[in-house]
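Hi,

Here is the structure I promised to pass on. Have a look at it first, then read my notes below.

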Amino acid sequence: MFAYTLTRLVYLALVLAVMSVLIFLVTQAMPGDVASMIAGQFASKEVVDAIAVKLGLDQPLIVQYGHWAAGILRGDLGRSLVLEQPIGPILMEALARSLVLAVVALFVVAVVGIGLGVLAAVRRGKLTDQLVSGVSYLGIAVPDFFWAIVLVLVFGSYMKLLPTGGYAPIADGFLPWASHLVLPVVTLVLMLLARIARLTRSSMIDVLQTNYVKFARAKGMPESVVILRHALKNALLPTITVLAIDFGLILGGVVVIETIFSYPGMGRLLLFAIQRHDLPLIQATILIVSAAYCLANLTADLLYAFVNPKIRHGMRAS
Amino acid sequence: MTDVTPVQSVPRRHLPSLPVSLLVGIVLLAPLVVAAVAGSWIAPYPYDEMNIMSRLQPPGAEFWFGTDEFGRDVFSRTLVGTGSSLVMGVAATALSLLAGVPLGLIAGYKGGRAGEAIMRAMDVLMSFPPILLGILVLAVTPPAQWKAIVAIGIVYVPQVVRLTRAITLELMQEEFITAARLRGESAAYILFHEILPNIWPPLVVEASLRVVFAILLGASLSFIGMGAQPPSSDWGLMISEARPFVEQAPWIALCPGFALATAVIGINLLGDGLRALLDPRNTGAH
């Protein structure tokens, strides 16, 4: 297991390196010249050239990439052109907010999804089961931004229960902070619930038919103990892996959700950077979000291998 | 991912009865296909006809689903937008098949250095979150819908390559491939006459599911302004433009939203049905 983890980590580092080259090249191809952006539109050509020399923009691309990559390895993400600040602190703040959103959403998905899945498995074929699959199916049928609009309409505009967007730091108190999280979290949960609930349901149904569950029942154990203590423990293994994948999905998909709810995380930062042509900021945000996405997927793979020893021997998960 | 089983012997003794999900899917999709083909003829108003006198009208006899902030008929716009939204998904999926199937065949059939290089390149592409890869491809030049289609196509190439390669690898173990090789058939003959006919059933199923993801990703890209451009009535764009008016005039967002949901549910059911029909051993996977 250790060797497998190590191989995967080395491979991840290689993939990230290639990704960084791609991100760098693509953003270099974007229209808009960094030096003239800093100089302003009325600057003379000499001023622009001087800035280009100072920033090393006259160097060949490979040298520029080297500077950029070396900076990132030192933890220096560069300076934002539009905000005129170092990117690191801005980005970390946005990342922290996005992570809060992702962690809370994942927690709710896990609790509700597994709960519904177990319920559907226990009441297999009955009305409850069909209700659960029907409701969870609705969640994936409509894109997240549509759910977001419906939720804003119902809870924000008509019922005036919740803020329709924005963010309140936790320093302002728990309630304002939490109330801003509710609608984005519910939107994310609606998107992810179906898969978790269906997966838990099917693995729970499998486990409930095994001999050890029958034996536990035969011993006269209460049904709740059989289900919660014996069956659920084994039924959860595949679900946990999918939850790790979902974490990556949430992080990778923050752009849309954060735009709708004006939530100041990584997604909004990236769109802001693209709209203002802030090349260093675009590069840094895409790289960090992609790295987080890769890490989540790697965690999912490792969990899967850890859970299923057949995988970890001899074969690369490809 | 989907479990892959070779399908060299689809039973053809009798026509299987059509799965219910396939029928329901077709029933849901039929009106959408009609709208996509003939939307601009059926629509009661031109999709871009502005009418300042009737801005933000609620649904009624004159405007079935109300009007938007420019007085444009929401129903007509949704109808005309069907083409844009569905074409985006279908064209992008076609693109990823066009690029992915040959690459997957090479990676599976030839293997070796070329195969390894292809698979590692796919690993890198898959390491990007889908929407970010789309944004990365799109942010280079001013947005346009065809660019969004190309971007979505690229996003889903790796999945197609992996599936094609996995099926090809399994088929290579089969005796009829060995036989063809021993007969001295060319690689091209084996690929096109022996392997390709056997990989299309799982690919069709995969494609039908991909179309759903592609439509949703297309709508998301249009929603953040990187897909279809105004005054197009693409559904994602319509929902995006409806946001500021959602309190006064929710129908502007709801109409394309329901259309999108119908399309997604319809294609999902169609895909489930196709899987049951074409790939019977694969039911329950995914």
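Where in chain B does UniProt place the feature "transmembrane region"? The unreviewed entry puts it at residues 20–43, 86–109, 121–140, 211–229 and 249–271 of chain B. UniProt positions are given here in the numbering used for this model, feature names are shortened, and annotations may be inferred rather than shown by experiment.

Before going on, some housekeeping. This is a predicted model, where local features need pLDDT of at least 70 and side-chain atom pairs count only at pLDDT 80 or more, while totals for chains, interfaces and linings use all residues. Residues are numbered from 1 along each chain as its sequence is written, and chains are lettered from A and ligands numbered from 1 in the order in which they are written.

Back to two of those spans in chain B. Residues 249–271 are 91% helix and 0% strand, with end C-alpha atoms 35 Å apart. Residues 211–229 are 68% helix, also with 0% strand, and their end C-alpha atoms lie 21 Å apart. Helices (H or I, at least four residues) and strands (E, at least two) are DSSP runs, numbered from the N terminus.

Now for chain A. It has 14 helices and zero strands, and its C-alpha atoms fill a box of roughly 85 × 60 × 35 Å along the principal axes. An automatic or database domain assignment splits out domain 1 (1–87) and domain 2 (93–315) of chain A. The C-alpha centres of these domains are 33 Å apart.

Where the domains touch, 23 residues come from domain 1 of chain A and 20 residues from domain 2 of chain A; "in contact" means that C-beta atoms, placed from the backbone, lie within 7 Å. On the domain 1 side, α1 (2–28) and α2 (34–39) of chain A each give two or more residues, and α1(A) has the largest share, eleven residues. That side has 15 nonpolar, six polar and two charged residues (nonpolar: Ala, Val, Leu, Ile, Met, Phe, Trp, Tyr, Cys and Pro; charged: Asp, Glu, Lys and Arg; polar: the others, Gly among them).

One more helix to find: α12 (residues 266–275) of chain A. Eight of its ten residues are buried, so α12(A) is largely enclosed by the rest of the structure. Among them are R268(A), L270(A) and I274(A). Buried means that 20 or more other C-beta atoms, placed from the backbone, lie within 10 Å of a residue's own (exposed is 12 or fewer, partly exposed in between). Just after α12(A), H277(A) takes a positive phi of about 55°.

Cheers

Terms used:
Contact = placed C-beta atoms within 7 Å.
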